[in-house]
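Please look at the sequence and the model below before reading on. The briefing then takes up the protein chains, the DNA strands and some details of the backbone in turn.

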2 protein chains.
Amino acid sequence: MPAGDDATASRPRAATLRDVALLAGVSVATASKALNGRDNVHPDTRRRVVEAAERISFTPNSLAQAILAGSTGTVGLLTNDLEGRFSLPILMGAEDAFGAGQMSVFLCDARDDAIREQYHLKALLGRRVDGLIVVGSNTDPRPTLGTLPVPVVYAYAPSTDPQDCSIVPDNVHAGTLAVEHLLATGRRRIAHVSGDVRYAAARDRAAGAKAALAAAGLELVGGQVRYGSWSEEWGRAATHTVLDHEPGVDAILCGSDQIARGALDVLRERGIDVPGAVSVMGFDNWEVMISGTRPPLTSVDMNFETLGRRAAQHLVDAIGGSPAHGVETMPCRVVVRGSTARGA
Amino acid sequence: MPAGDDATASRPRAATLRDVALLAGVSVATASKALNGRDNVHPDTRRRVVEAAERISFTPNSLAQAILAGSTGTVGLLTNDLEGRFSLPILMGAEDAFGAGQMSVFLCDARDDAIREQYHLKALLGRRVDGLIVVGSNTDPRPTLGTLPVPVVYAYAPSTDPQDCSIVPDNVHAGTLAVEHLLATGRRRIAHVSGDVRYAAARDRAAGAKAALAAAGLELVGGQVRYGSWSEEWGRAATHTVLDHEPGVDAILCGSDQIARGALDVLRERGIDVPGAVSVMGFDNWEVMISGTRPPLTSVDMNFETLGRRAAQHLVDAIGGSPAHGVETMPCRVVVRGSTARGA
DNA sequence: AAACCCTCCGAAACCGTTTTCTGGACGCTA
DNA sequence: TAGCGTCCAGAAAACGGTTTCGGAGGGTTT
């Protein structure tokens, strides 16, 4: 158990440019120029300054630099999803896009609470972030933040205002890709078990799936999407129903990896071969859900990292004076695994 | 698809105190005093200033404030775990402890790369964070960052330097609690299937479990811990082995929720009643892994949020001049669910 | 020796805010 | 009416950097 004691043990105060200058025997102006590679500094002088800076491990105060330059090199990531399912890949993508260390990210979680969001927004603007990425908790449109003194990019959930810049995963295309993959592996009698119908993601994926089926002159087995909740439990229940009512079914397209896990469990219990008799697919390609499924689950990856990179790129452009408008959709991709293996 | 166009459409520059003062017809000094509730400002004047500030939605520039005050109201969270399993609850706990909006958090992911860590560290120190929380990717000790101009608290993974302040989950106690719970529900022949033996977490939990058994005059069925990997796959394999070699086993304590899922699957396949014949427990209480297990999995919650709050609290104390030293362990708790229900 | 150029350093202004200090206006008392 | 206290507003300094500008010093040319 730690015990507080040496309150007086003075921690070395962060070094300032003045300290460096004093130590090197030059003025602060010269020290600044020497460290920043400006011209008109004698090589010997520069060396002295650099050595002094290293000796006291001087780190320039970004605050002071920012106050002059008018930009801070920081962005705010205002999220509503701290399960981290979407925010974190987006954060990683953004970090990559900015270039490590160039830009630091303030992460704030509003927890889907408008009051808390305003609060964090105020704090971020006060800290003069150069821009904002707003991550929603689902793909339904969310209210715009309105006009702010810094550019904003909405990721995952689009803004209601079409003038804003939003980057969202293409759920319609995801549904299409999934069905095309199933068709390509010889499936014809496809059921679709999805999550909560109130989520745009569920409806969009279903729309894409139906469109792809229609293009092949087919429709869903049972004629309709089986909406429910985003849980394994629902995946199990719905799969039982599907198997009971549609004996000829040869593929179950699940609205999420969790639902797919439920489906796989029931198929295994009933002794139905996957993918021999029935193929199973999920959406999200959530590593932690998928690793361990039997057989390994084919899933549609929504490319969150790419989405984050793209959002960051748009933000950089906007900060640079070239804002974008409207909703941009990010393509996704099918990750094929054993649960739909061709001819298995 | 967004298209860049109105690069010239000037975004409203953030208002400064000077703007407010000009609009209210006072000096910046008076404006500052009026907005900060200082004395010696005439009520009418104050009202004029406040109205002016609201009219142009003035937000004080925290950078300028920080440069005066010498503290920024920001902390850095340097993590190596952006699966977010540990970092995010810790971040949430820290946010809570700081008090919403008081303190903003820079989140950086070093991805277990020392170079990247140094890079982020430099950026954070340059931004004059008031303190740092360093989150490891596992509970093995990690190298200290050494002496920095700001206080540091190590969370999840302790620092190698006992002078540093570290907050870690009490894995030994977790193992003890788990076994005590199993004993309390009448189990006597307990097997322990755990993850990678190279992880301190695995060894500590096992040590706690063995101690609790010894205290009851028992030992592990089979005499030893079955170490492997942190996967469902290993959970399944090891459970088969246990059932084959130890027919009398009445509980399987699993080193993680994932391993426990594997165990549950195998028990179900073999038609063994859980918890009637065999109890199953996991560690971590990872909601997303647990929701959907049949029966619902009893698990030891490591209280990451509390850990994060505690780390934040220690950081605040250290910033306030009362640093703590040494490793502090956080208690954990058993969350009882169906997989160990008494007398079921 | 005067005029000139070049190299290099430092003084000072600036960013946006807070705080201290100075001082003007006004009212009250002696 | 002089003296004093109170109330309120503004000027100025400070924080830690960057940048501009002026100028000192030395060498070269006429």
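What follows is a short briefing, grouped by topic, on a predicted model. Chain B and chain A bury about 6,500 Å² between them, and chain B can be laid on chain A by a turn of 180 degrees. Residues from chain A and chain B are also among those that come nearest to DNA strand C, and the closest residues around DNA strand D likewise include some from chain A and some from chain B.

**How the two protein chains meet**

- The contact draws on 75 residues from chain B and 75 residues from chain A, and of the roughly 6,500 Å² that the two chains bury between them, 54% is on carbon and sulfur atoms.
- The size of an interface is often expressed in this way, as the accessible area that is lost when the parts come together.
- Between chain B and chain A there are 24 residue pairs in polar contact, counting pairs in which both residues have pLDDT 80 or more.
- The elements that give two or more residues to the side of chain B that touches chain A include helix 4 (62–69), helix 5 (87–98), strand 2 (104–109) and helix 6 (114–126), and, further along chain B, helix 9 (232–245), helix 10 (257–269), helix 11 (287–290) and strand 10 (326–330).
- On this side of chain B, the residues that touch chain A divide into 35 nonpolar, 21 polar and 19 charged.

**The symmetry of the pair**

- A turn of 180 degrees, with a shift of 0.0 Å along the axis, lays chain B on chain A with an RMSD of 0.1 Å.
- This is the relation of a two-fold axis.
- Which C-alpha of chain B is nearest the axis? The C-alpha of Phe106(B) holds that place, at 2.3 Å from the axis.
- The same surface serves both copies, and 100% of the contact residues of chain B recur in chain A.

**Salt bridges**

- Side chains of opposite charge can pair when their charged atoms come close.
- Over all chains the count comes to 40 salt bridges, and 12 salt bridges are found across the interface of chain B and chain A.
- One salt bridge joins the side chains of Arg268(B) and Glu269(A), with a distance of 3.0 Å from N to O.
- Within chain A, the side chains of Glu117(A) and Arg142(A) meet in a salt bridge at 2.9 Å, N to O.
- This pair links distant parts of the chain, 25 residues apart, with Glu117(A) in helix 6 (residues 114–126) and Arg142(A) in the loop between strand 3 (131–135) and strand 4 (152–155) of chain A.

**The surface near DNA strand C**

- There are 25 residues around DNA strand C, and those that come nearest are Lys33(A), Thr45(A), Leu68(A), Leu17(B) and Ser32(B).
- Of the atoms of DNA strand C within 4 Å of the protein, 64% belong to sugar or phosphate, while the rest belong to bases.
- A polar side-chain atom of Lys33(A) is 2.6 Å from a base oxygen of DNA strand C, whereas His42(A) places a backbone N or O atom 3.0 Å from a phosphate oxygen of this strand.
- The most residues come from helix 4 of chain B, which gives 4 residues to the surface near DNA strand C.
- By type, the residues of this surface near DNA strand C divide into 12 nonpolar, 10 polar and 3 charged.

**The surface near DNA strand D**

- DNA strand D is surrounded by 26 residues, of which Leu17(A), Gln65(A), Lys33(B), Thr45(B) and Leu68(B) are the closest.
- Sugar and phosphate make up 60% of the atoms of DNA strand D that come within 4 Å of the protein.
- A side-chain N or O atom of Lys33(B) lies 2.7 Å from a base oxygen of DNA strand D, while a backbone N or O atom of Leu17(A) is 2.6 Å from a phosphate oxygen of DNA strand D.
- Helix 4 of chain A gives the most to the surface near DNA strand D, with 4 residues.

**Details of the backbone in chain A**

- Most residues other than glycine have a negative phi, and most peptide bonds are trans.
- The peptide bond from Val274(A) to Pro275(A) is cis, with omega near 5 degrees, and Pro275(A) lies in the loop between helix 10 (257–269) and strand 8 (279–283) of chain A.
- Ser57(A), which is not a glycine, has a positive phi of about 40 degrees, and Ser57(A) is found in the loop between helix 3 (43–55) and helix 4 of chain A.

Definitions and conventions
Residues are numbered from 1 along each chain as its sequence is written. Chains are lettered from A and ligands numbered from 1 in the order in which they are written. This is a predicted model: local features need pLDDT of at least 70, side-chain atom pairs count only at pLDDT 80 or more; totals for chains, interfaces and linings use all residues. Side-chain values use heavy atoms; hydrogens and water are left out. Contact means heavy atoms within 4.5 Å. Buried area is the accessible area (1.4 Å probe) that two parts lose on being put together, summed over both. A salt bridge is a side-chain nitrogen of Lys or Arg within 4 Å of a carboxyl oxygen of Asp or Glu. A polar contact is a pair of N or O atoms within 3.5 Å; within protein, one must be able to donate a hydrogen and the other to accept it, and residues adjacent in sequence count only if both atoms are side-chain atoms. Ala, Val, Leu, Ile, Met, Phe, Trp, Tyr, Cys and Pro count as nonpolar, Asp, Glu, Lys and Arg as charged, and the others, Gly among them, as polar. Copies are superposed by least squares on the C-alpha atoms of residues with pLDDT of at least 70 in both. A residue is near a molecule or strand if one of its heavy atoms lies within 4 Å of it.
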